[in-house]
Amino acid sequence: MSDTSHTRPLGAQISHMLKSRGVDTIFGIPGVHNQEMYRGIEEAGIRHFLARHEQGAGFMADGYARASGKPGIAYVITGPGLCNTMTPMGQAYSDSVPVLVLSSCLDDTAATRGQLHQMLDQQAAGATVSDWSYTANNADAAYTLIDRALSEFQTKRPRTKHIQVPIAALEGEAKAAPDKPPSLKPVRHVLPEGIAGQIMAANCPLFILGGGAVRASEQARRALTTLKAASFPTDAGRGIISIKDDPLHFGGYLGRPETAKVAASADLVIVVGSELSETDLWRDKLEHTAQMIRVDIDPEVLGQEPGSIAVPMDANDFFTGLNAAIEGHSADTSWTADEITKARKRWRAEADSERPGIARICDALREVMPEDTMFFSDMTQFAYAGKEFWDMDRPGHWHHPYGFGTLGYALPAGIGGAAARPGLPTVIIAGDYGFQYTVQELGTAVELGQPLPILLWDNGKLKEIEDSMVAAQIAPNSVIAHNPDFCALAKAYGAKAEAPKTLEALKKAVTAAFKADGPTLIYMTGNMKDS
């Protein structure tokens, strides 16, 4: 029971409330405007990770949430603190990540001008990159909004929430938050009548599995095996089905142009937990010609495809119900493992010709990755290619800034991911340019004190942009920047650094990095020899 007779400043009470709701980790930066939020962190028994920039704090919270399945929490200050966090807020919103940003705000912005960190409308700014952004003017409002955010993370499509509290309210005495509300029992949905029969009747069914189906992997694998259905993952859905376990799985090549023909050849398309967004397809439409069934918890997604059959269900409920309905079913299929294997080989060759040298490095790295390795990648050619070449054997283990597409994501998100999984392997993949957006978070990585291989791909330029400019017949401009000595820079922060010249040396460096007592930057270029 909460001790309602004892008061503390509201800022401290918020930390105690979060602890009572299961929060054990917060990322942020203290400042004079949010210092009251820090009064209760240690007393509540919460870990705090000091970011070097509020953008880093937001990405750390994002990475923590993706790795743990629990909400990621960030504490930031007024004005520039919130503004610096808006990029990771937008990324978490885009990728359906449960991130809660708690910030201070000024007590009044209408009657007074020229205040420190003043914005015209901080709440409205937060709302542009959040599911919602509200001001809690008193303790009761703060407690209600926090519980609302945590509840919605469990019951709705999880997306960024922002709560701001005026400085005077944070400083004021407040009673403790009420007891934690009863745990919500998720509503179990029943498979709509006729859906299973329609799927069983298909001779050439094609499943598209998105990030919303990650927690349905076991049931999805069982269903697709019974149905002898072919499948693609979106980038966020990689690992739900694995090529090594299912010969009818096309792998992570959905963005290849030829997949439009594959979609058109299916006699039924079932999309589970995906928007089929621009960054999933890299074209306007899937280009299917058959009936589509869309399974999602987001009504907006269900209404995107005119003529499709909308199934408002959680992915795990859907596949559980489907498996019950198709038990004992003997499926015929027009898909063949041989044609799918040949397609994967063609697409790998295409991707390798577009971004030469990366496939062989990925193959070498895959040999030395421990079981259960979790990857955090940035917007870099190495990751773009790697997401196609690298078949994942489990879901939710390669995280990338998919929708919003920001640079600088991988390092801080990887720190948050590693903090969520102490003792388990985490790898960061970054490019030379994007790495410098958040390079200062190397300091936090060193303080973390966990093994953290950082694979830095240096092609000496903004190569993806250069290629795009050339394709558009634009003379490449401002795509080459002077880079630092990355290994020396990493060592200056107290990290280890290696610059292997061969693939064998690369494998040894990565193996050693997993045994180190802190981060190791591993500098990679396309010039590495085999041995």
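Biologist: How do you know that E6 and E7 count as paired strands?

Modeller: Four bridges join E6 to E7, and the two strands run parallel. Strands pair if DSSP finds at least two bridges between them. Four meets that bar, so E6 and E7 count as a pair. One of the contacts puts Thr135 opposite its bridge partner in E7, Gln164.

Biologist: Before we go on, what am I looking at?

Modeller: It's a predicted model, where local features need pLDDT of at least 70 and side-chain atom pairs count only at pLDDT 80 or more, while totals for chains, interfaces and linings use all residues. Residues are numbered from 1 along each chain as its sequence is written, and side-chain values use heavy atoms, with hydrogens and water left out.

Biologist: And what makes something a strand or a helix here?

Modeller: Both are DSSP runs, numbered from the N terminus: helices are H or I with at least four residues, and strands are E with at least two. E7, for instance, covers residues 161-166.

Biologist: What joins E7 to E5?

Modeller: Six bridges, again with the strands running parallel. Six also clears the minimum of two, so E5 and E7 pair. Along E7, Ser103 stands opposite Gln164, and Cys105 has Pro166 as its bridge partner.

Biologist: Which sheet do these strands belong to?

Modeller: An open sheet of six strands, in the order E3-E2-E4-E5-E7-E6, with parallel pairing.

Biologist: Why are E3 and E6 called edge strands?

Modeller: Strand E3 (47-50) and strand E6 (132-135) each pair on one side only. That's what earns them the name.

Biologist: What makes you say that E7 is mostly covered?

Modeller: Six of its six residues are buried. Buried means under 20% relative accessible area, exposed means over 50%, and partly exposed is in between (1.4 Å probe, protein chains only). Lys161, Ile163 and Val165 point one way from E7, whereas His162, Gln164 and Pro166 point the other way. In a regular strand the side chains alternate between the two faces of the sheet.

Biologist: Let's turn to helices. Why is H17 described as largely enclosed?

Modeller: Nine of the nine residues of helix H17 (residues 381-389) are buried, so the rest of the structure largely encloses it. The buried residues are Gln381, Phe382, Ala383, Tyr384, Ala385, Gly386, Lys387, Glu388 and Phe389.

Biologist: Now for charges. Why is the contact between Arg66 and Asp95 called a salt bridge?

Modeller: A salt bridge is a side-chain nitrogen of Lys or Arg within 4 Å of a carboxyl oxygen of Asp or Glu. Arg66 and Asp95 have an N to O distance of 3.0 Å, so the pair qualifies. It links distant parts of the chain: Arg66 sits in helix H4 (residues 54-68), Asp95 in the loop between helix H5 (80-94) and strand E5 (99-105), and they are 29 residues apart. Both residues are buried.

Biologist: How many salt bridges does that rule give?

Modeller: The count comes to 34. Another is Asp393 with Lys244, at 3.8 Å from N to O. Asp393 lies in the loop between H17 and strand E15 (398-399), and Lys244 in the loop between strand E10 (230-233) and helix H11 (259-265), so the pair ties together parts 149 residues apart in sequence.

Biologist: Are Asp393 and Lys244 buried, partly exposed or exposed, and what makes them so?

Modeller: Asp393 has 34% relative accessibility, which falls between the two cut-offs, so it counts as partly exposed. Lys244 is at 62%, past the upper cut-off, so it counts as exposed. Both belong to a network of salt bridges that links Lys244, Glu371, Asp372, Asp393, Arg394 and Arg421.

Biologist: What separates Glu504 and Lys507 along their helix?

Modeller: They're three residues apart in helix H22 (residues 503-513), which means about one helical turn. An α-helix has 3.6 residues a turn, so residues three or four places apart point the same way. The side chains of Glu504 and Lys507 meet in a salt bridge, with 2.9 Å from N to O.

Biologist: Why do Glu504 and Lys507 get different burial labels?

Modeller: Glu504 has a relative accessible area of 37%, so it is partly exposed. Lys507 is at 13%, so it counts as buried.
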